[in-house]
Amino acid sequence: MTVPLSLHDRLSEATKSGSRSHCAIASFMLARFKDLPFETAATLAEKVQVSEASVGRFCRAIGYANFKDLKEHLKDDMGDQPWLIKDRLDALRSADSQRDERLRQGLEAEMSGLVGVYELARTAEWERVVARLATSPKVFVTGFQTERGLGHYFASQMQYVRTGVHLIDLAAGNFSEVLTEQGGCCLVIFEARRYSRQALVLAREARKAGIPVTLVTDHFCDWGKEFADELFMVATQFNQFWDSTAHMAILSNLLINDIFLSLGEGAEARLNQVARLYGAFTGHVGNPLTSVSE
């Protein structure tokens, strides 16, 4: 019985016998083998300077249905280690003398990512989300794992400009507050890799229930299109050890600003009311507390 070639061996063969574009793709994959879990067909095509269709044809030529199928077989060569933490730590430690270059590259990547966020803010999908979040009777917001803070931040800021904004209670474990809602609500999810199973299940069940879902995520999410009405994918790789979700926060600020502008005087009145109540009960540094009755 013939043992199937490993992915690494197939790539090595392709560098010797493939076409010019196939050889380029194979060579890049071999050189960046440990980074392949974080690539998509689109990002890979951009880096190799070929078309996304060429990446698909290459995958089929070496025996895989598509790039997603190829990545599924990575575990055969490198095990189930999607973060590869030790390898990334070792790479950073060995590159200390190149710190300035890494910072320069990171800065360029962050500026490019920021432009990408502002480009999203000019799309029809963005306008649709702004209108929905400004007018839906109830807006539910959540984030998972390290992104739960982004969800909390967005919900807290939104509560200043309109009523009916709710941060989902993850501890309850069944999302009943949103999935049993009878019409007139929408859902915003913040999530990045490695994706929580809860995020996918919640998006799927909300979609089944007819609840509009807006997903703010990274460029590697391959399930968002199936379950989200709007998918805002932002850059998260900036030449750092951890992926950065800072651009998700920038996106949420832009959303809140446009929602505020859409709501007009009603939002301004609510802001003043919330500020007065905060001053009455809690206060700010340098400002004395005032009575609610004043």
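Which residue stands opposite V139 in β2? It is V165. I start with that pair since it sits in the sheet, and the sheet is my first topic. Please keep in mind that this is a predicted model.

The sheet is open and has five strands, and their order is β2-β1-β3-β4-β5. The pairing is parallel. At the edges are β2, residues 165-167, and β5, residues 230-234, each of which pairs on one side only. On average, neighbouring strands of this sheet are turned by 15° against each other, with direction ignored. As general background, strands of a sheet pair through backbone hydrogen bonds, and they can do so in a parallel or an antiparallel way.

Now the individual pairings. Between β1 and β2, which run parallel, there are three bridges. To get from β1 to β2 the chain passes through α10, and this β-α-β crossover is right-handed. On the β3 side, β1 pairs over six bridges, again in the parallel sense. One position to look up there is V141, whose bridge partner in β3 is V188. Strand β3, residues 185-190, is in turn joined to β4, residues 213-218, by four bridges. In that pairing, I189 stands opposite L215 of β4.

A helix packs on this sheet as well: α12, residues 197-208, which touches β1, β3 and β4. The direction of α12 makes about 160° with that of β3.

How enclosed is β1 by the rest of the structure? Largely, because five of its six residues are buried.

Next, charged side chains. In general, side chains of opposite charge can pair when their charged atoms come close. The count for this model is seven salt bridges. I will go through three of them.

The first joins E230 and R128, with 2.7 Å from N to O. This pair links distant parts of the chain, as E230 is in strand β5 and R128 is in helix α9, residues 124-135, 102 residues apart. E230 is buried, at a relative accessible area of 0%. R128, on the other hand, counts as partly exposed, with 39% relative accessibility. Through shared partners, salt bridges join R128, R132 and E230 into one network.

The next is between D243 and R193, where the closest N and O atoms are 2.8 Å apart. Here too distant parts of the chain are linked: D243 is in the loop between β5 and α14, R193 is in the loop between β3 and α12, and 50 residues separate them. D243 is partly exposed, its relative accessible area being 24%. R193 counts as buried, at 14% relative accessibility.

The last of my three is E205 with R204, at 3.2 Å between the closest N and O atoms. E205 counts as partly exposed, at 26% relative accessibility, and R204 also counts as partly exposed, at 30%.

One more charged residue needs a mention. E147 lies in the loop between β1 and α10. Which side chain of opposite charge is nearest to E147? That is R148, 7.8 Å away. E147 is buried and has no salt bridge. So what is E147 in contact with, leaving aside neighbours within four places in sequence? The contacts are F190, E191, A192, T245 and M248.

That is the end of my part.

How values were computed: Residues are numbered from 1 along each chain as its sequence is written. This is a predicted model: local features need pLDDT of at least 70, side-chain atom pairs count only at pLDDT 80 or more; totals for chains, interfaces and linings use all residues. Side-chain values use heavy atoms; hydrogens and water are left out. Two strands pair if DSSP finds at least two bridges between them. Helices (H or I, at least four residues) and strands (E, at least two) are DSSP runs, numbered from the N terminus. Axes are lines fitted to C-alpha atoms, for helices over the stretch in contact, and angles run from 0 to 180 degrees between N-to-C directions. Contact means heavy atoms within 4.5 Å. A salt bridge is a side-chain nitrogen of Lys or Arg within 4 Å of a carboxyl oxygen of Asp or Glu. Buried means under 20% relative accessible area, exposed over 50%, partly exposed in between (1.4 Å probe, protein chains only). Lys and Arg count as positive and Asp and Glu as negative; His and the chain ends are not counted. A crossover is right-handed if, with the strands pointing away from the viewer, the path from the first strand over the helix to the second runs clockwise.
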